[in-house]
Amino acid sequence: MEPGLRRLIVVSNRLPAALKKEGDQWTVKPGAGGLVTALAPVLRNRGGVWIGWSGASDPNLDVESLLEGFSAEAGYELRTVPLTQEEIKGYYFGFSNEIIWPLFHDLQTRCRFDPQYWQSYLDVNFKFAEQVARHTSADDYIWVHDYHLIHQAFFLKSMGVKRNTGFFLHIPFPTPDIFMKLPWRWKIIQAMTEFDLVGFQTMQDRANFIRCVQHFMPECEVEGDGAVITVRCGTREFRAGAFPISIDFNQFADLAQREDVVQRTFALREALKHRKIILGVDRLDYTKGIPERILAIRQLLKRFPDLKGRINFVQIAVPSREDVEEYKELRDEIDLLVGRVNGEFSFPGWVPIHYHYRSFPHDELVAYYAAADIALVTPLRDGMNLVAKEYCAANISETGVLILSEFAGAAAQMQDHAYLVNPYDLEGVARAVNRAFHWDKRERKEMMSELRQQVRSDNIFWWVDSFLQAGFSKNLDDFPPIDTVRFEKV
Ligand code: ADQ
């Protein structure tokens, strides 16, 4: 990035801080995700701004003054976009999470194509764009995150506001035959092409997007074949790139080596009586394939009865979108399946599945990652999947095996050293776990050490740099061709 030129403006649905009511008092809690960790220093150094919704919808609450203290401490400004309950219902729960989320994860039968959601999506996107226009200047770089805010560049332009804009889609972009089901398909594609740079998790996602662009705008021409390409549509041009997101490797690796975490890891192994630990960690979401994974464990115990009493499957699920009916149903389904499998196989002193439904503090999560012999990361579809990378970073003994869904974006980068599976193929997953169980230590070490090397080098800071470099650089030669075959396979 050219030094001293521009402020960075991050725009996302939620701010990197959440408002929480404790008794009568509102407090501001900082967000702890990798994105915040990676962007905070850039925002601080450049006097940047983060624009988003605070999570509170009480119209009488003075959110701006509550956030002032946080801004001063964080070293960058926070600007909130106030949203009403009605807007959250239509734009967030409705259009974003009942239409785009399932459709882009290839689960179109879960979509509810309610036309009112679309109107609300546009209204809220306009509200966000107004705030972006108000709090930024033409010299700033605007980096918009995710599917909630696809219309930012479109509305900024329609207001006559000139800004340099980039957009990153954290979830997959579907193939044209699935995307075409969207009643507002043309408007969504058109809005995406209004950004100066559009970023995806994988080359495959980008290829899907380009095919949709060319379907609606056959006059568009693509130049280049590297990680970043230029798309020319008449007089207008924009860039499209693949930027696989990652984690703060050192944060996880260092935590795994901290004395208290080492002890916690040891205690976990002791408590599970040196059985091999198979670990699943997810937000409780239907895209993550948790019921299928439990059924694969059942299949494993049926097919390979010698493993009874020699493994424990630990599933940690963080509650998510709990007010939504579908998520409540999923929770019930998982409760039922865990009970059934445990009922079928357990014997005195051994219960095959340990299920935790809660958010874990970081150090506890890392102890599980460090203790687990096998990570079972089997989403039905996923933009990237950071759990796969967190597991490798925290597995400091380098003896763990990563079993990874071929439908996770992470598979594009990790396929050579992870065990790839089809999450729908219960027999295949069971066989993979059985093989991983019997893998010798040398082989496991070889694979895990390669995986860790990859996550260490292509970490979250590398990701921020590559996106911003693509957003600011003028020259396509800065983005040499990458091994496309490796990525296109997913
Ligand atoms: P998510 O779908 O939220 O993100 P993911 O990448 O799997 O998915 O990250 C989940 C995060 O939640 C991880 O950092 C994990 O540590 C944490 N987590 C899970 N269970 C937890 C628990 N019980 N307690 C505490 N923390 C827990 C979206 C896309 C992904 C993409 C990311 C980033 O859907 O595909 O990888 O954005 O772009």
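This passage looks at the ligand site and at the second largest pocket of a predicted model.

Start with the ligand. Its shell is made up of 23 residues, and H170, F360, D382, L386 and E390 are the closest of them. Sorted by class, this shell holds 12 nonpolar residues, alongside 5 polar and 6 charged ones. Secondary structure elements that each bring at least two residues to the shell are the strands β12 (276-283) and β13 (311-318) and the helices α13 (362-371) and α14 (386-394). L386 and E390, both listed among the closest residues, fall within the range of α14 (386-394). As for domains, the ligand sits between domain 1 (8-245 + 460-478) and domain 2 (249-457), because both of them give residues to the shell.

Several polar atoms of the protein come up against oxygen atoms of the ligand. On the side-chain front, an N or O atom of H170 is 2.7 Å from a ligand oxygen. The backbone joins in too: a polar backbone atom of G383 is 3.0 Å from an oxygen atom of the ligand, and a backbone N or O atom of N385 is likewise 3.0 Å from a ligand oxygen. As for cover, the ligand would expose 720 Å² if taken alone, and the protein buries 84% of that area.

Now for the second largest pocket, which offers about 380 Å³ of space. Its lining counts 16 residues, and those nearest the pocket centre are K89, F93, E98, R112 and Y117. Three helices, α3 (85-104), α4 (115-135) and α12 (325-345), are the elements that put two or more residues into this lining. Of these, α3 gives the largest share, with 6 residues. K89, F93 and E98, named among the residues nearest the centre, fall within the α3 range (85-104), while Y117 falls within that of α4 (115-135).

What is the make-up of this lining by class? Charged residues account for 10 of the lining positions, with 3 nonpolar and 3 polar residues besides. Both domains take part here as well: domain 1 (8-245 + 460-478) and domain 2 (249-457) each supply at least three residues to the lining of the second largest pocket.

Conventions:
Residues numbered from 1 in each chain as written. Predicted model: local features only at pLDDT ≥ 70, side-chain atom pairs only at ≥ 80, totals over all residues. Heavy atoms only, no water. Near = heavy atom within 4 Å. Polar contact = N/O pair within 3.5 Å; in protein donor to acceptor, adjacent residues only side chain to side chain. Areas by Shrake-Rupley, 256 points an atom, 1.4 Å probe, with all protein chains shown as cover. Helix = DSSP H or I, 4+ residues; strand = E, 2+ residues; numbered from the N terminus. Nonpolar A, V, L, I, M, F, W, Y, C, P; charged D, E, K, R; others polar. Domains from an automatic or database assignment. 1 Å grid on protein atoms, 1.4 Å probe; cavity = no way out; pocket = protein on both sides within 12 Å on 5 of 7 lines; lining within 4 Å. Points joined across faces, edges and corners; volume = space filled by probe spheres on them.
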